Amino acid sequence: MDIEASPGSLPYLPGTGRPVPEAEPELVERWRSGGGELVELLSLVRERLGGVAAFRLGPAPTVLVTDPQAVQHVLARHPERYVKRSHRARLLIGDGVLAATGEAWKRQRRLLQSQFTGTGMRRYEQRITEAARTTAGRWDGYARTGQSLDIGQEMRRFALDAIWRSLTGHPLDDGTERELAAVAAVATALPTLPADATDAQDAVAADLARIDAVARHAIEAARGGKAGPDGPGLLHVLIDAATERPEYTDRLIRDELVTLLVAGHETTATTLTWLYLLLDQYPAAREQALVGGEGSAGRRQAIQALVHETLRLYPSAWILPRHATEEDSLAGYAVEAGTDILICPYLTHRDPELWPEPEHFDPRRFTTPDGRPAHPGAYFPFGIGPRACLGLQFALRESTVLLEHLLPVHTPVFHSTPTKAVYGITVRPDGPTPATLVPTLT
């Protein structure tokens, strides 16, 4: 991202509100010269100026929004005024639903929505459970032999198996897993790719070709009637749609397939990796989660609280860019058409005025009355409003099911742990997570 500090204040529209307070150019310049993460600049802006604050990345104003009411205003109440433009992952996901806009997005969203709620989710329950059982069996083997494992890799393997079964009806095989490692490779590379689209494409061309080959094979198999042992999956829904909707070309089906692979495994794997790292620091939280009996509602609620508290600290989407299409008054401040907006769940979730001791990992925030802020804009790890993540229920379900299988049996003992986070498409640990397994003491 090209960063240029420039003087001047946010344009003020008479009658619509007061000017948004703007960070001094020296603050941006100091951050730029230090080469820090963008989140460090955003943290300073929020700390100095509050929940709606302006700064400049280049000549145009950018407004940072972390105040819950302002978050709700932008994402849920007036999404038509604050639109999503080109997604950072378009190189990987093409015109999939995450990157789509306008009427195309509405059509694609409508088709997929039913698959991730109610009856739709029940179709994938058994597939998620089988993926969790496969992981649990693998961990039993590691524990018996004392073999070292990497927690991050294990979480990616599980989450990829769960979404692959849901897409195709087939369990993940070793060859497909090896080829789909290219998905994570491209996703990790995206923030550092050249600004020129052709150069960026060339830099990851080999990985994209591997992804395209897997997608093409899966589409051909599904179209040939080769449903998996669990029956047809999400991919068959897309192929069936093509018989009535000409926009569902093979390219769009590929884009939706890759979008679901990225959204369906990368974020969940990262969340589960952070969760295990946090439990290593806060072992009492594991004990609290296992107080209820196996299969009890109390245990499930406690495990879900572990997931929610992890998502509070490391939300699936740590930053949500939007673009103001018209002038507006946001929390009493004037916002001009053309302004870039950055919604930052990561900072909202760590606001001490909303979350006491925000850096402390405490899942009881989600199990005790009044343990968390009531305003919907205070906790939104998957976004809120019409563009909230489609796979929210899927991600929570697969995380909960896996932990129900693993937490009561095995506890990882880490050989080393990452020292910092990397802020890309997701917030991920910077480095491997090697561990061995010991029995969980309950």
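1. Let's start with two helices: H13 and H15 are roughly perpendicular to each other. This is a predicted model, and in it the axes of H13 (residues 250-281) and H15 come within 9 Å and cross at roughly 100°. On the H13 side, the contact is made by Thr 271, Trp 274, Leu 275, Leu 278 and Leu 279. H15 answers with Leu 306, Val 307, Thr 310, Leu 311 and Leu 313.

2. Staying with H15, have a look at Glu 309, which is buried at a relative accessible area of 0%. Glu 309 forms a salt bridge with Arg 312, and the closest N and O atoms sit 2.8 Å apart. The two residues are three apart in helix H15, so about one helical turn separates them. Arg 312 is buried too, with a relative accessible area of 0%.

3. Glu 309 has another partner: its side chain meets that of Arg 365 in a salt bridge of 2.9 Å, N to O. Glu 309 lies in helix H15 while Arg 365 is in the loop between H16 and H17, so this pair ties together parts that are 56 residues apart in sequence. Arg 365 also counts as buried, at 7% relative accessibility.

4. What about Arg 299, is it paired or unpaired? Arg 299 is buried yet has no salt bridge. The nearest side chain of opposite charge belongs to Glu 294, 5.6 Å away, and the cut-off for a salt bridge is 4 Å between a side-chain nitrogen of Lys or Arg and a carboxyl oxygen of Asp or Glu. Arg 299 is found in helix H15 (residues 297-313). Leaving aside residues up to four places away in sequence, Arg 299 touches Ala 289, Leu 290, Gly 292, Gly 293, Glu 294 and Pro 408. If you are scrolling through the model, put Arg 299 next to Glu 309 on your list: Arg 299 has no salt bridge, whereas Glu 309 has one with Arg 312 and one with Arg 365.

5. For the whole structure, the count comes to 27 salt bridges. One of these is between the side chains of Arg 138 and Glu 154, at 3.0 Å, N to O. This pair links distant parts of the chain, with Arg 138 in helix H7 (residues 125-145) and Glu 154 in helix H8 (residues 151-168), 16 residues apart. Both ends are out of the solvent by the numbers: Arg 138 counts as buried at 16% relative accessibility, and Glu 154 counts as buried at 5%.

6. There is also a salt-bridge network, which links Glu 80, Arg 81, Glu 326 and Asp 328. Thr 325 is worth viewing alongside that network, as Glu 80 and Arg 81 are among the residues Thr 325 touches. Val 83 and Ala 337 are on that contact list as well, which leaves out residues up to four places away in sequence. Thr 325 has its place in the loop between strand S6 (320-324) and S7, and is partly exposed with a relative accessible area of 40%. Thr 325 and Arg 387 are 62 residues apart in sequence and 16 Å apart in space, C-alpha to C-alpha.

7. Two backbone oddities to check by eye. Ala 331 is not a glycine, but has a positive phi of about 55°. Ala 331 is placed in the loop between strand S7 (328-330) and strand S8 (333-335), partly exposed with a relative accessible area of 42%. Asp 370 is likewise not a glycine and has a positive phi of about 60°. Asp 370 belongs to the loop between helix H16 (345-348) and helix H17 (392-406), and counts as exposed at 80% relative accessibility.

8. Last point, the cysteines. How many disulfides does the structure hold? Zero. A disulfide is a covalent bond between the sulfur atoms of two cysteines. The sulfur of Cys 344 is 17 Å from the closest cysteine sulfur, in Cys 389, and that is too far for a bond. Going the other way, Cys 389 is in no disulfide either, and the nearest cysteine sulfur is that of Cys 344. As for surroundings, Cys 344 counts as buried at 0% relative accessibility, whereas Cys 389 counts as partly exposed at 28%.

Definitions and conventions: Residues numbered from 1 in each chain as written. Predicted model: local features only at pLDDT ≥ 70, side-chain atom pairs only at ≥ 80, totals over all residues. Heavy atoms only, no water. Disulfide = S-S within 2.5 Å. Buried < 20%, exposed > 50% of the residue type's maximum accessible area, 1.4 Å probe, protein only. Helix = DSSP H or I, 4+ residues; strand = E, 2+ residues; numbered from the N terminus. Lys, Arg positive; Asp, Glu negative; His and termini not counted. Contact = heavy atoms within 4.5 Å. Axes fitted to C-alpha atoms, helices over the stretch in contact; angles between N-to-C directions. Parallel < 35°, antiparallel > 145°, perpendicular 65-115°, else oblique.
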